[in-house]
Amino acid sequence: VSDHVSDESMPAAAETRARPRFGRRALLRGAAGAAVALPWLESLAPRRARASNQPPLRFVVMFSPNGTLNDQWMLTGGETAFVLSPILSPLEPHRADIVIVQGLDQQGGGGDGHQNGIGGMLTGTSLNAGPFAGVGAPPAGWASGPSVDQRIAQAIAGATKLRSLELGVQVGAADNWGRMSYRAANQPLPPLDDPASVYDTVFTDLHTDPTVLARRRSRQQSILDTVGAEYTRLSGRLGATDRQRLDAHLAAVRELETRLTTDLVVTNAACKDPQVAPVDKDANDSFPAVGALQTDLLVMALACDITRVASLQWSRSVSQTRFTWAGISEGHHDLSHKSDDDAPSVAKLQTINTWYAQQLASLMTKLAAVPDGNGTTLLDNTLILWCNELARGNTHSRHDAPYVLAGGAGGALRTGRYLSYEGQGLPHNNLLVSLLNAMGLPDTTFGKSDWCTGPLTGLL
Amino acid sequence: VSAAARARLLSDVRRKRVSSLATARSGFPLAVALLVVGACSGGGGAKPGGVGGDLCAASAPGQPPPGTAPLRRLTRFEYGRALADLVGADPSVSAGLPPDEETLGFDDIADAYSVSALHAQSYLDVAEKVAADFVSRADQRAAVAGCDPLAGDAACAARFVTVFGLRAWRRPLDADEQAAMAALYQATDTPGTGDGLSAVVAAMLQSPQFLYRPEPGTPGAMTAQPLDGYALATRLSFLVLGRQPDAALLDDAASGRLDDESGLMAAADRLLADPRAAEVFAHFATEWWELEPLSTLDKDRSLYRLWTDGTPGAMAAETQAFLTDAWQGTPTLRTLLSAPATFVDADLAAFYGLPAPPGTGFQRVALDPARAAGLLTQGAFLATHAHADQTSPVLRGKFVRARLFCTPPPPPPPTLVVRPPTVDPRKSTRERFAEHTADPFCAGCHTQMDPIGFAFEHYDATGRWRDVDGSQPVDATGALTGTDVDGPLDGVVDLAGRLAGSPEVAACAATQWFRYALGRSEALPAESCALSALSAALTAPGGDFRQLVRATVRLPAFRTRAPEVQP
């Protein structure tokens, strides 16, 4: 019997299993929520419909910056008898649950390599012209299409509270070097990088008295209704450019209204109101601590079914995080431009990239510890993509971009493998299509159409 | 178009072509090297400033229309202050919003805005919180309309909506808007709770009429249009104070007093006399001087043992006090660049190795004029323009070029494999950077930056004075080239004197202000005259940043609404 109950006939079961203090309110999916979800779900019907008693699919992106090291990343051995490289060695305990994808060319355009690397990484599009002046390139703006996580969210979010959850760790300034997830063209999604604020906004329903919550929701619906009408009214009086901005704001207000009419349905006993220890979120040396908190919050948001699509953005492209806890005092980006024959710098970069691999391993361990019904774990029903805006830091190359897929994707992903597509010149858009397919979407292309030749063969 | 403007345009085109070629050829370092050297050895590239003379006379026919007027959104800086004025909130509530997009170094460039559900959620959360706090305080809610709107008098509640709406939206509400607020009040209120009132306040604070600065105008108009009094009042108040127009300014708007230049300037002068105008000046200068990273700055504490968790905050306070004092006293470019004084408390004095100031808190102290030069020798600038474990003549020199001369050197080729100096305590900074000039690949650009940066070498990566670098005496000699104040340099005071006397630096300062003040980049050559007028406000006898603000108010781009550019 599935732990995930969305059937209105079983409120009692949901009630007894819910652990949160005010779990009584977190019961039934509202009629309005279901009504909202249906129209688009029909048109985007997953290719392999999941039985109603199966746990939902989840999708997670983990980003780490500044490229990696070719020699220390490359695997040896065959598809299943692979030997993990030094950088990937922390994934050894999880080798049965990963797929290393090698040999794709990560696409991107507009702006400089870091800019269009992070902007194209998940969108498979180039950046529009815009105000952010990069290095040795005309100024660029935001990406010109939605990111793969948002396409997936559109299909699998169902009636969850949050369509998706963007988390980050010291993501820095609001510009196109620091945004990877896009709701649509020109609509970057800023990652929340303050664990305390994530706790307050994402987990409200778990720690608020249900009567207070109900009153607040009804009131906020009235307020947003009034506010939304003003956006509509003003929009009609503006010129085209300004109108686009205001319409995007209106869409954001409407998304909040949807959240307000959606009940949190907690069916997993592992869902608990999380604890968030105080931390200086911006201090360089808190980077690991903030990241650990964000990882815990991400896992709990999935366990509580607050969202089914999440991302964790470690720093940003051109990250200057100083890995002082690993004995490294230089900024990451400075190091990433050092020569391949500069042995001390290469050793430091290996340490940094290995540390990020450890963070993926930690995320996987935490997901694997959460039962998800039918004898599965959260990790079994999740697809994780670990990606980077570059392949190499010192050349800005995106040839042979480093991708790791992890988790079972509900059985869609055949894991425990190392796949090399080297020499085929395939664009990474093909991987993005395959991710959609793994999540049950029937899409055959994603992003810029001339950067995509269809899904990768042999992956699923 | 004048010869100067034409030369500038050509130079721009040349620079762009070079950089796009460099990108296209990035796989071929030799080609890149030649192009980059070519780009840098050709001089400083585009110069700031504008044309002058008759071309810019206000009555000159064919005066180009002002540039675009994008819809402005309140920055976090402005939003916090607006909530403080409207509902008595702590301005730091704005920290609950996503950060403002930053480009050109500023937080208010409209082209860069984006909006997401996170933005909308944050606006909702903050508005709900401050509205509830506000309504819970009887004195505050009664002060708005002169009666307590919760006392059960419907007329009082309606008057509250009228008065509060005017202040929040910076213009009177029309009948539809008034009715929408009344309906919201009805839908959300339980008598005696204040729920309806706080819902109205929260809704007004999430309205585009509050969060943005819409200005009435005809979409698609082909010519510049005059602004009504309320739109002018709003522009003026945010320009000078970074805040909502106050009641007196709204009265001016209603009575038409802002419609002629003398009335507008009288209002500007009243706002300029408000001590809070210093906050805008300090905010602008902090962004212009790239001091924002200070808030999260750290240094290698094994090398810099005096650096503590409290040092960055103290340096920020020092610079804030210095800028406030400059604004209230002599807000000239020369003060910013060369004043031999600063503000320290006992801890920061100890950090710098200065005698403790009298009294508590931050006090003005005179510094050795042979060592000190305004912002250029303050920790806030020196520490943000350095690495964690060493100084950076490159970052400091690049700052001077990019932010003070507005001639940023071309960036390094993106695929550069850097072999920069590792810290060898036996070597001086200068020895470690020698490769930059020895290697022609690097020299083309680095000779524009490093020799300026070397002038700062008496200040270490934390902003402390030093006489010894590595095992050798500091050598702070350098050179300025490709500017209007070229020549050899010896130390930062020498550099500061040159910068303070440079018309190019004044023109650049005016350009930076223009971008911040109008929330966009300048349109050249159409706005050369505007830039000239601003530059003159800094360099004319008696010129300073106050005069710069006044000159901004006089610009056609400020006083009229530009025709819309179709995307």
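Leaving out residues up to four places away in sequence, B:Arg141 touches B:Phe134, B:Val135, B:Ser136, B:Cys147, B:Asp148, B:Pro149, B:Leu150, B:Phe160 and B:Leu197. Keep in mind as you click around that this is a predicted model. The arginine belongs to helix α5 of chain B, which covers residues 138-145. With a relative accessibility of 11%, B:Arg141 falls under the 20% cut-off, so it counts as buried.

What does the side chain of B:Arg141 do in there? Two of the residues it touches turn up again as polar partners. One is B:Val135, whose backbone oxygen is reached by the B:Arg141 side chain at 2.7 Å. The other is B:Asp148: here the polar contact runs from side chain to side chain, at 2.8 Å.

Now zoom out to chain B as a whole. It has 567 residues, and 56% of them count as buried. Its secondary structure adds up to 26 helices and eight strands. If you take the contacts between residues at least 6 apart in sequence, 68% of those in chain B join residues at least 24 apart.

For another buried spot in this chain, go to B:Gln378. You'll find it in a loop, the one that links β3 (363-366) to α17 (379-384) of chain B. Is B:Gln378 buried or exposed? Its relative accessibility is just 1%, so it counts as buried. Setting aside neighbours within four places in sequence, B:Gln378 is in contact with B:Glu318, B:Thr319, B:Phe322, B:Thr342 and B:Tyr352. Take B:Phe322 from that list: it sits 56 residues from B:Gln378 along the chain, yet their C-alpha atoms are separated by 9.7 Å.

Over in chain A, let's look at a pair of helices. Helix α7 (residues 210-235) and helix α8 (residues 240-260) of chain A pack at an angle of about 165°, and their axes are 9 Å apart. Angles over 145 degrees count as roughly antiparallel, so that is the label for α7(A) and α8(A). As for handedness, the two helices make a left-handed crossing.

Who makes the contact? On the α7(A) side the residues include A:Arg217, A:Gln220, A:Leu224, A:Val227, A:Tyr231 and A:Leu234. From α8(A), the contributors include A:Arg243, A:Leu246, A:His249, A:Leu250, A:Val253 and A:Leu260. Sorted by type, the residues of this contact come out as nine nonpolar, six polar and six charged.

Technical notes:
Residues are numbered from 1 along each chain as its sequence is written. Chains are lettered from A and ligands numbered from 1 in the order in which they are written. This is a predicted model: local features need pLDDT of at least 70, side-chain atom pairs count only at pLDDT 80 or more; totals for chains, interfaces and linings use all residues. Side-chain values use heavy atoms; hydrogens and water are left out. Axes are lines fitted to C-alpha atoms, for helices over the stretch in contact, and angles run from 0 to 180 degrees between N-to-C directions. Helices (H or I, at least four residues) and strands (E, at least two) are DSSP runs, numbered from the N terminus. Angles under 35 degrees count as roughly parallel, over 145 as roughly antiparallel, 65 to 115 as roughly perpendicular and the rest as oblique. A crossing is left-handed if the near helix is turned anticlockwise from the far one by less than a right angle, and right-handed if clockwise. Contact means heavy atoms within 4.5 Å. Ala, Val, Leu, Ile, Met, Phe, Trp, Tyr, Cys and Pro count as nonpolar, Asp, Glu, Lys and Arg as charged, and the others, Gly among them, as polar. Buried means under 20% relative accessible area, exposed over 50%, partly exposed in between (1.4 Å probe, protein chains only). A polar contact is a pair of N or O atoms within 3.5 Å; within protein, one must be able to donate a hydrogen and the other to accept it, and residues adjacent in sequence count only if both atoms are side-chain atoms.
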